Amino acid sequence: MSAAEYPAPLALLREDLRGFAGYKSARSESLNGSVWLNANESAWNNAADGEGALRRYPDPQPARVRAALAGLYGCTPEQLLAGRGSDEGIDLLLRAFCRPGGDAVVITPPTFGMYAVCARLHGTRVVEVPLVEGEGGFACDFEAVAQAAEAASAKLVFLCSPGNPSGTLLPLDAIAALAQRLRASALVVVDEAYLEYAQASSAVSLIERLPNVVVLRTLSKAHALAAARIGSTIADAEVIAALQRCQAPYPLPAPCVAMALRALDDSAAALSRARAGACALERERLYARLVGLPGVRRVYPSQANFLLLRFDDAQAAFDALIDAGVVVRDMRAAPQLGDALRISLGTAEQNDRVVETLARLGARERAA
Ligand SMILES: *Cc1c(COP(=O)(O)O)cnc(C)c1O
């Protein structure tokens with residue numbers, strides 16, 4: 001199918017939002033002047049704000065940060081919307097493409113909790129297609145996802161690659177085939193919050209050919225800026241423009257934008273890349289030490305910066321780690337994970353403490 005015959009993904013936008021212009025902020029008009037009296041800002045700086053860097057409302061999408069993020073992720077600035085974490089991207093997609101009370105989305109549990117939380121808040125039905133556990137860990141049943149999306153006329157399919165908490169990387173050709181099959185009915189959203197740890201290609205490369213693919217990226221994990229709340233939604237330029245009309249007027253706080261620009265200059269970005277690579281090596285070292293510990297039933301292969309483990313007694317493992325001052329994520333409430341904990345990668349010393357604590361617990365349990 002040629003690009004011209006391809007149904008525009010905009011056809012999937014909520015019908016009642018087709019002509020919606022969103023809020024016109026004082027910063028969205030392109031006017032020239034030297035005295036700005038159009039936004040009811042203070043004429044004086046706050047005493048705590050030195051040169052007054054924060055006196056005026058910020059640019060909604062500063063061109064420099066948009067260009068820097070687009071360069072980082074391999075898209076054009078028009079294909080990228082920066083927002084308050086990729087969490088905001090999830091919320092905007094739901095609000096723009098799903099009718100409250102009417103439409104559905106597909107998720108693949110166990111997966112990141114925000115897809116279902118945002119859907120619930122927006123009154124959108126959630127259809128679950130569980131990941132399938134096998135020899136190599138959790139896998140996505142793409143055929144079942146396609147069938148469920150078709151049966152429910154789902155508007156969005158949320159995939160997470162590498163998956164949180166599964167750690168599984170999804171094959172790009174399977175994502176592409178799914179997007180091709182659902183091209184007239186759904187956006188396929190690929191959450192790549194952990195892709196930096198995987199040494200794999202991004203689904204961004206699919207968007208040109210398959211404009212119903214949407215990719216979520218973030219500075220929160222491999223770039224170590226979780227508190228700056230800078231995430232990116234990457235999609236067809238028309239989809240991005242539609243999402244921006246649904247976004248809050250001033251989503252990016254100026255200090256966070258300044259920090260993101262510093263973090264994306266060449267040397268800082270290279271250091272983040274090197275750290276993510278080192279993290280992947282440390283992950284394999286930790287994996288090898290945890291596999292086979294008494295009391296550890298299974299350690300899942302991971303392409304992210306965490307490991308998912310099953311235990312004979314997950315409560316005892318959780319408690320022993322707490323006693324050692326180590327807080328990990330209890331996954332037991334998640335589907336299929338009634339005996340599992342998720343452990344983020346720390347420094348080598350911190351990871352050693354995890355291994356030693358679990359080894360001691362295993363030895364004690366075995367003796368008992
Ligand atoms: C951490 C995480 C995010 C959240 O990212 P923010 O950019 O901090 O909002 C998104 N998706 C997944 C799968 C995550 O684990």
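**Strand S6 and its surroundings**

Modeller: In this predicted model, 5 of the 5 residues of S6 are buried, so the strand is largely enclosed by the rest of the structure.

Colleague: Which residues of S6 are buried on the side opposite Leu 156, Phe 158 and Cys 160?

Modeller: In a regular strand the side chains alternate between the two faces of the sheet. Here Leu 156, Phe 158 and Cys 160 take one side, and both faces are covered. That leaves, on the other side, Val 157 and Leu 159.

Colleague: OK, and which residue in S6 is the bridge partner of Val 106?

Modeller: Start with the strands: S2 and S6 run parallel and are joined by 2 bridges. S2 covers 104-107, and S6 covers 156-160. The partner of Val 106 in S6 is Val 157.

Colleague: What about S7: which residue there is the bridge partner of Leu 159?

Modeller: S6 and S7, the latter at residues 187-191, run parallel with 5 bridges between them. Leu 159 is one of the buried residues of S6. Its bridge partner in S7 is Val 190.

Colleague: Which helix goes with S6 and S7 in the β-α-β unit?

Modeller: The two strands are parallel. Residues 172-181 form the helix that comes after the loop following S6. The β-α-β unit is right-handed, and its helix is H5.

Colleague: Let's look at that loop. What is omega for the peptide bond from Asn 164 to Pro 165?

Modeller: Pro 165 sits in the loop between S6 and H5. The bond from Asn 164 to this proline is cis, with omega near 10°.

Colleague: And which residue does a cis peptide bond join to Pro 109?

Modeller: Look in the loop between S2 and helix H3 (114-121), where Pro 110 is found. The bond is cis with omega of about 0°, and the residue joined to Pro 109 is Pro 110.

Colleague: Arg 229 has a positive phi although it is not a glycine; is Arg 229 buried or exposed, or in between?

Modeller: Its phi is about 55°, and its place is in the loop between strand S8 (213-218) and strand S9 (230-234). The relative accessible area of Arg 229 is 31%. Buried would need under 20% and exposed over 50%, so Arg 229 is partly exposed.

Colleague: Last one: what is the relative accessible area of Gln 336?

Modeller: Gln 336 is not a glycine either, yet has a positive phi of about 70°. Its loop lies between strand S12 (329-330) and strand S13 (340-344). Gln 336 is partly exposed, with a relative accessible area of 35%.

Conventions: Residues numbered from 1 in each chain as written. Predicted model: local features only at pLDDT ≥ 70, side-chain atom pairs only at ≥ 80, totals over all residues. Heavy atoms only, no water. Helix = DSSP H or I, 4+ residues; strand = E, 2+ residues; numbered from the N terminus. Buried < 20%, exposed > 50% of the residue type's maximum accessible area, 1.4 Å probe, protein only. Pairing = 2+ DSSP bridges. Right-handed = clockwise from strand over helix to strand, strands pointing away.
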